[in-house]
Amino acid sequence: MTDVLLTHEIRRPDLMDEQLQALRSWSSLLQDVFIATTIDDRTQAANTLLTLGTARAYLTTHDGWSPHLHFTGEDEDVVARVKAVTAGGVAIFLVESGGERLGVCARSRCERVFVDTSRNGRREYCSARCGNTAAVTRHRQRHG
Ligand SMILES: [Zn+2]
Ligand SMILES: [Zn+2]
């Protein structure tokens with residue numbers, strides 16, 4: 001989990017057990033946004049994240065970055081900062097995507113979620129690998 005946080009440029013990412021637990025339950029709330037099948041449900045799920053995960057919105061230029069939004073105090077612990085950055089990030093994304101382009105992998109038995117950055121916005125699988133596996137399965141089913 002610490003690796004994941006580092007790749008997402010979360011600062012001071014070391015986690016205690018209870019923080020890990022807290023992030024696991026947070027990620028299931030996050031998943032609700034991807035799983036939602038209507039824009040209204042998705043908006044609702046994102047609002048839940050905003051309510052639970054953010055304290056306030058403000059612009060910052062820390063570490064020489066260009067101005068960007070933060071949604072909780074910079075001195076908060078890693079759990080609070082991850083909640084804030086994911087809640088805020090999802091909300092901003094949904095504003096820009098018109099509430100779409102978040103999904104769950106269509107391959108049965110894969111539950112990974114994805115952000116659809118494809119040109120036509122019709123992505124169905126979390127990865128090319130799942131897409132291929134599903135295609136092979138369909139092929140087999142057609143040919144008995
Ligand atoms: Zn920042
Ligand atoms: Zn998948």
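Biologist: What makes one face of α2 the side turned away from its buried residues, and which exposed residues does that face carry?

Modeller: In this predicted model, the face of α2 pointing away from the buried side carries Asp17 and Glu18, which are exposed. Exposed here means over 50% relative accessible area. On the buried side, α2 has Gln19, Leu23, Trp26, Leu30, Val33 and Phe34. Seen down the axis of α2, the buried residues fall within an arc of 105°, so they line one face of the helix.

Biologist: How do you know that the span of α2 agrees with what a helix should have?

Modeller: Helix α2 covers residues 17-35, which is 19 residues, and at 1.5 Å a residue they should span 27 Å. The expected span is 1.5 Å times one less than the number of residues. The end C-alpha atoms of α2 are 27 Å apart, so the two values agree.

Biologist: What about α5: how do you know that its buried residues line one face?

Modeller: The buried residues in α5 are Cys130, Gly131 and Ala134. Looking down the axis of α5, they fall within an arc of 100°, and therefore they line one face of the helix. The face turned away from them carries the exposed residues Ala128, Arg129, Asn132 and Arg140. The length fits too: the 15 residues of α5 (residues 128-142) should span 21 Å, and the end C-alpha atoms are 21 Å apart.

Biologist: Where do these helices sit in the chain as a whole, and in what order do the elements run?

Modeller: From the N terminus on, the order is α-α-α-β-β-α-β-β-α. That comes to five helices and four strands. The C-alpha trace spans about 60 × 35 × 30 Å along its principal axes, and 32% of the 144 residues count as buried.

Biologist: Why is the pair of Asp116 and Arg101 called a salt bridge?

Modeller: The closest N and O atoms of Asp116 and Arg101 are 3.9 Å apart. The cut-off is 4 Å between a side-chain nitrogen of Lys or Arg and a carboxyl oxygen of Asp or Glu, so the pair qualifies. Asp116 lies in the loop between β4 (113-115) and α5, and Arg101 in the loop between α4 (78-97) and β3 (102-104), so the pair ties together parts that are 15 residues apart in sequence. A search of the whole structure finds one salt bridge.

Biologist: Are Asp116 and Arg101 buried or exposed, and why?

Modeller: Asp116 has 4% relative accessibility, so Asp116 counts as buried, the limit being under 20%. Arg101 has a relative accessible area of 27% and is therefore partly exposed.

Biologist: What makes His62, His68 and His70 the residues that coordinate the zinc ion (ligand 1)?

Modeller: Each gives its NE2 atom, at 2.0 to 2.1 Å from the zinc ion. A donor has to be within 2.8 Å of the metal, so these atoms count. Along the chain, the donors follow the spacing H-x5-H-x1-H. His62 is buried, as its relative accessible area is 15%, and His70 is buried as well, at 14%.

Biologist: Which residues make the nonpolar surface patch, and why is Leu59 called exposed?

Modeller: Leu59, Leu69 and Ile92 make the patch, which is about 270 Å². Leu59 lies in strand β1 (residues 58-60). With a relative accessible area of 61%, Leu59 is above the 50% cut-off, so Leu59 is exposed.

How values were computed
Residues are numbered from 1 along each chain as its sequence is written. Chains are lettered from A and ligands numbered from 1 in the order in which they are written. This is a predicted model: local features need pLDDT of at least 70, side-chain atom pairs count only at pLDDT 80 or more; totals for chains, interfaces and linings use all residues. Side-chain values use heavy atoms; hydrogens and water are left out. Donors are N, O and S atoms within 2.8 Å of the metal (3.2 Å for Na, K and Ca); water is not among the atoms, so sites may look incomplete. Buried means under 20% relative accessible area, exposed over 50%, partly exposed in between (1.4 Å probe, protein chains only). Patches are made of residues with over 30% relative accessible area and no salt bridge: like charges are joined within 9 Å, nonpolar side chains (Val, Leu, Ile, Met, Phe, Trp, Tyr) within 5 Å. Accessible areas come from the Shrake-Rupley method with a 1.4 Å probe; for residues, only the protein chains shown count as cover. Helices (H or I, at least four residues) and strands (E, at least two) are DSSP runs, numbered from the N terminus. The arc is that of the directions from the helix axis to the C-beta atoms.
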